[in-house]
Amino acid sequence: MTNGKPVPISTTGTGATLTVKADARFENLAFDAIITVGSSPAQSQMLLFSPKSTGTATATTTTTSVSPRPFQPRVQTQTSEASAAPGTTITDAVHLDVAPGDGLLSEWGVYKSGTSAAPVPVTIRSSLLGPFAVQPSEAAEWPSAAPTVCEVSVVATNGPGDYTTPECTLPSGGYYVWVETIDPADTPVDKGRDHVRSWRSPFAAATEVTRSSVTPSVSTVVSPPNGDADAVAPGDCVTDELTVDDLGSAGLPAVDVESILVGPFAEAPLDGHDYSADDFDRLPIAGRATTSVDRDGTYRAPCITVNQPGHYVFVFRSEGSDPDASGGQVIAPFADLVAHRSEMLRVPAPVTPPEKPNVPRVPPAPHHPQAPSKPVQPQALAYTGASGVEPTVLAGFGALSVGLAAVLGTVLTRVVRRRLAVRSSRSEQP
């Protein structure tokens, strides 16, 4: 080392601070520690006498400084709830430490704070993404269009350790994922920004996923074609109208809801009767219709034709969404097998007109114009009249009618014979 000239030193340690020690030694100096002064008798001059130079000087110095190397922060996280209902507030537990690597510090970086060193502060920014309809798969990159529920942050001023994010509320059912970032720009320059490397978490690590299960609220009403549930004609097609709540506006998987038309029954079902307590598979079923629902709103099931008179009622059930890898469901199974008045309908029996009496018709007797007329004997007719009319009187009227018919037949026969005779005589004349 040359006296008075700075010497650059290359660091080899991976600690947050470096200690540099320098030893300097100078030998055979021009002047020793002891000299002799000689004076002339006249005091006109003074002489310096020094023995052979054996002077040596040594010095040692030690200094501690902040390492110029960068460090790589990393975060390990754990959601506070693996499964929770909508409306639950959840947090993310954050464990902060440093990742080793070539050219990097093996421990958390520090900055010069007065006469001591302090940990370099970093800001952990956390985002809760979701809801997702199905369980997300782990990936290095986040979905570019993923919806965001909330964004929170934690300033880690004490370096490595455990921290907890502020709360976020689950708005609806679905899958939610915590993700984190560390950006050097959030660290002030004078507190070690240049030593901080950026960091970004992977997406959908198992410890960062929360499943929010929901059971939708469904109300139904029968919808007959003519608007009157008590006057549905055989052959009409009736529908079930479903109003769905608690699924939110989007983001959940579609589930099938099966509307079941139970009946016919001779009597109307009791309002509030629970068919789940019965042997449901042995009940009469007029038809089934499936409706796919994926958000709040009103849905109309495909119509079911009713053919038999009687009383009917709609009920419904659903198996919910498909189970995920852990067997959980975002939309739990739901059903309503209770008879409600709003879901009942009646098909009246068709009205049959009264039958007319079957009166046999008597064919008229054959008429032979050439046959000689015979006197017609009066016959008594069967008595079918009203009360108060004597059978004898009726018989008289019958006989009189028969006589008049015989006289009229004789007159017509004579007229025909005369016309035939006239025609015959005319044809014989020249």
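The following conversation goes through a predicted model and asks what lies behind some of the terms used for it.

Visitor: How do you know that C150 and C168 form a disulfide?

Guide: Two cysteine sulfur atoms count as a disulfide when they lie within 2.5 Å, and those of C150 and C168 are 1.5 Å apart, so the pair meets the cut-off. The two cysteines belong to distant parts of the chain, with C150 in strand 12 and C168 in strand 14, 18 residues apart. The torsion about their S-S bond is about 105°, and the disulfide is therefore right-handed.

Visitor: What makes C237 and C303 a disulfide?

Guide: The same reasoning applies here. The S to S distance for C237 and C303 is 2.1 Å, and because the cut-off is 2.5 Å, this pair is accepted too. The angle about the S-S bond is 85°, and this link is right-handed. C237 sits in strand 19, whereas C303 sits in the loop between strand 22 and strand 23, so the disulfide ties together parts that are 66 residues apart in sequence.

Visitor: How many disulfides does a search of the whole structure find, and how are the bonded cysteines paired when numbered in sequence order?

Guide: The search finds 2 disulfides, and the pairing in sequence order is 1-2, 3-4.

Visitor: Why is C237 called partly exposed?

Guide: A residue is buried under 20% relative accessible area and exposed over 50%, with partly exposed in between. C237 has a relative accessible area of 26%, which falls between those limits, so C237 is partly exposed. C303, at 41% relative accessibility, is partly exposed for the same reason. By contrast, both C150 and C168 are buried.

Visitor: Why is the pair of F132 and F203 called edge-to-face?

Guide: This is one of 3 aromatic pairs in the structure. The ring centres of F132 and F203 are 5.9 Å apart, with 75° between the planes; because centres within 6.5 Å make a pair and planes over 60 degrees apart count as edge-to-face, the name follows. F132 lies in strand 11 and F203 in the loop between strand 16 and strand 17, so the pair ties together parts that are 71 residues apart in sequence. Both F132 and F203 are buried.

Visitor: What makes the pair of F265 and Y275 stacked?

Guide: The centres of these two rings are 6.3 Å apart, within the 6.5 Å limit, and their planes are at 5°, which is under 30 degrees, so the pair of F265 and Y275 is stacked. F265 belongs to strand 20, while Y275 is in the loop between strand 20 and strand 21, so the pair joins parts that are 10 residues apart in sequence. At 5% relative accessibility, Y275 is under the 20% limit and therefore counts as buried.

Visitor: How do you know that the charged end of R200 sits over the ring of W142?

Guide: The charged end of R200 is 3.6 Å from the centre of the W142 ring, which is inside the 6 Å limit on distance. A limit on direction applies as well, within 35 degrees of the ring normal, and R200 is listed as sitting over the ring of W142.

Visitor: Why can I35 belong to a patch on the surface?

Guide: Patch residues need over 30% relative accessible area, and I35, in the loop between strand 1 and strand 2, has 45%, so I35 passes that cut-off and is partly exposed. With V37, M46 and L48, I35 forms a nonpolar patch of about 420 Å² of accessible area together.

Definitions and conventions. Residues are numbered from 1 along each chain as its sequence is written. This is a predicted model: local features need pLDDT of at least 70, side-chain atom pairs count only at pLDDT 80 or more; totals for chains, interfaces and linings use all residues. Side-chain values use heavy atoms; hydrogens and water are left out. Patches are made of residues with over 30% relative accessible area and no salt bridge: like charges are joined within 9 Å, nonpolar side chains (Val, Leu, Ile, Met, Phe, Trp, Tyr) within 5 Å. Accessible areas come from the Shrake-Rupley method with a 1.4 Å probe; for residues, only the protein chains shown count as cover. A salt bridge is a side-chain nitrogen of Lys or Arg within 4 Å of a carboxyl oxygen of Asp or Glu. Helices (H or I, at least four residues) and strands (E, at least two) are DSSP runs, numbered from the N terminus. Buried means under 20% relative accessible area, exposed over 50%, partly exposed in between (1.4 Å probe, protein chains only). Rings of Phe, Tyr and Trp (its six-membered ring) pair if their centres lie within 6.5 Å; planes under 30 degrees apart count as stacked, over 60 as edge-to-face and the rest as tilted.
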